[in-house]
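Student: I have a model open and I'd like to learn how to read a few of its features. Could you walk me through them?

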Amino acid sequence: MSIRVAIVGTGGIARGQHFPSLAALGDRVVIVAVTDTDPASARSAADEFGVPAVYDDLPGLLAAERPDVVVLATPPIAHRAQAIAALDAGAWVISEKPPTLSLAEYDEIAEHEGENGPFVSYIFQHRFGSAAMRLRELIRDGELGRALVAQCNTLWFRPPEYLAVPWRGKWQTEGGGPTMGLGIHQMDLLLSLLGDWSEISAAMATLDRETEMEDVAMATVRFESGAMCSITNSMLSPRESSQVRIDFERGSFELEHLYGYDNDNWTVTPATGVDGSGWAPAENVSSNTHLPPFASVIDAFERGARPDPLVAEGRRTLELVAAMYKSALERRTVARAELTPEDPFYRSMAGADPAAATAAIHANTLRG
């Protein structure tokens with residue numbers, strides 16, 4: 001019997017990725033219903049993808065359809081309430097990034113999971129490219145020696161009209177600037193490769209865009225392994241590029257792409273005297289698709305088991321984001337251990353006072 005899936009949100013990401021990825025799973029799944037705050041969008045998506053039912057809201061959909069899995073393709077402000085509603089109705093959840101607006105919301109959602117399900121997963125598709133999967137194997141097996149130096153850059157361009165969308169550019173609804181909404185993918189890929197981080201020192205500014213948050217951020221991160229990494233997140237960079245580079249004792253791995261990579265986007269340079277001929281992936285799977293994370297969740301659903309950490313774990317990345325804001329706003333190095341439930345940055349990327357956070361970031365500006 002096919003797994004019954006409902007999609008919440010029928011905008012660009014759902015049409016470009018979610019519907020096609022689910023279709024690629026064949027008769028393992030069937031999309032039974034959609035809902036969107038824009039009824040015309042929901043109806044047109046249903047017509048385009050052959051979905052039989054359209055609902056005005058998620059509670060009505062959950063009550064009538066009892067889906068097995070609910071996919072959230074909605075703005076970040078909606079994720080907490082929608083994920084909890086779906087979990088409480090017995091449905092597994094697959095949510096778009098960023099997972100939530102805060103660590104507090106992330107942990108609250110996790111409290112609604114059951115010991116044997118339902119479970120929630122988050123879409124960080126760059127973890128699943130074949131080159132990254134192979135690199136994780138090499139790191140795990142000790143083939144590359146210690147990780148020493150890393151760089152992680154999201155240098156994108158978003159024109160002023162990008163922030164005209166009502167929920168963007170506001171702490172309350174978007175949660176943060178390019179650190180939260182753009183750079184989170186590259187930072188997540190970095191963490192999936194290098195593991196746990198220990199401390200961070202960051203700076204942020206609003207140099208050109210009309211937004212409550214930053215439009216550029218930079219940071220230096222120390223990992224528990226001892227490796228050091230520089231991070232830049234920008235929405236002001238006309239030559240757009242997404243970059244991750246890690247220098248190991250035995251070789252350098254460099255990735256440059258924009259919104260998705262395959263093996264050709266990686267450059268591998270063995271250290272002098274090192275034979276890296278066995279380092280290449282056996283296949284070429286692009287990260288520019290949501291199919292691998294979707295398939296991973298459906299596999300777990302069919303087994304009745306908690307999903308693989310590659311789709312089930314998003315907290316570490318959200319924790320790094322929160323620490324970047326805390327470090328930049330408090331103007332000091334922040335240890336990972338500080339982000340306890342008593343810390344104001346556990347509950348908001350802006351800390352205790354969003355207005356003061358905006359004023360602090362805007363003090364670092366080039367605008368007149």
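Tutor: We'll go through aromatic pairs, charges over rings, one buried threonine and one helix. First, this is a predicted model, where local features need pLDDT of at least 70, side-chain atom pairs count only at pLDDT 80 or more, and totals for chains, interfaces and linings use all residues. Residues are numbered from 1 along each chain as its sequence is written, and side-chain values use heavy atoms, with hydrogens and water left out.

Student: How many aromatic pairs are there?

Tutor: A pair of rings is described by the distance of the centres and the angle of the planes. Rings of Phe, Tyr and Trp (its six-membered ring) pair if their centres lie within 6.5 Å; planes under 30 degrees apart are stacked, over 60 edge-to-face, and the rest tilted. By that count the structure holds 9 aromatic pairs. Take Trp92 and Phe301: their ring centres are 5.0 Å apart and the planes sit at 70°, so this pair is edge-to-face. Trp92 belongs to strand β5 (residues 92-95) and Phe301 to helix α10 (residues 291-303), so the pair ties together parts 209 residues apart in sequence. Helices (H or I, at least four residues) and strands (E, at least two) are DSSP runs, numbered from the N terminus. Trp92 and Phe301 also form one aromatic cluster with Phe119.

Student: Is Trp92 buried or exposed?

Tutor: Buried means under 20% relative accessible area, exposed over 50%, and partly exposed in between (1.4 Å probe, protein chains only). Trp92, at 6%, counts as buried, while Phe301, at 23%, counts as partly exposed.

Student: Which ring does Arg209 lie over?

Tutor: The test is NZ of Lys or CZ of Arg within 6 Å of the ring centre and within 35 degrees of the ring normal. Arg209 lies over the face of Phe157, 5.2 Å from the ring centre. Arg158 lies over Tyr162 at 5.5 Å.

Student: Where is Thr206?

Tutor: Look in the loop between β8 (197-205) and β9 (216-223). Thr206 has 0% relative accessibility and counts as buried. A polar atom of its side chain lies 2.8 Å from the backbone oxygen of Met213.

Student: And where does α1 bend?

Tutor: A bend is the angle between axes fitted to the seven residues ending at a residue and the seven starting there. In α1 that angle is about 25° at His18, with a proline, Pro20, following within four residues. The buried residues of α1 include Ala14, His18 and Leu22. Just after α1, Gly26 takes a positive phi of about 65°.

Key: Polar contact = N/O pair within 3.5 Å; in protein donor to acceptor, adjacent residues only side chain to side chain.
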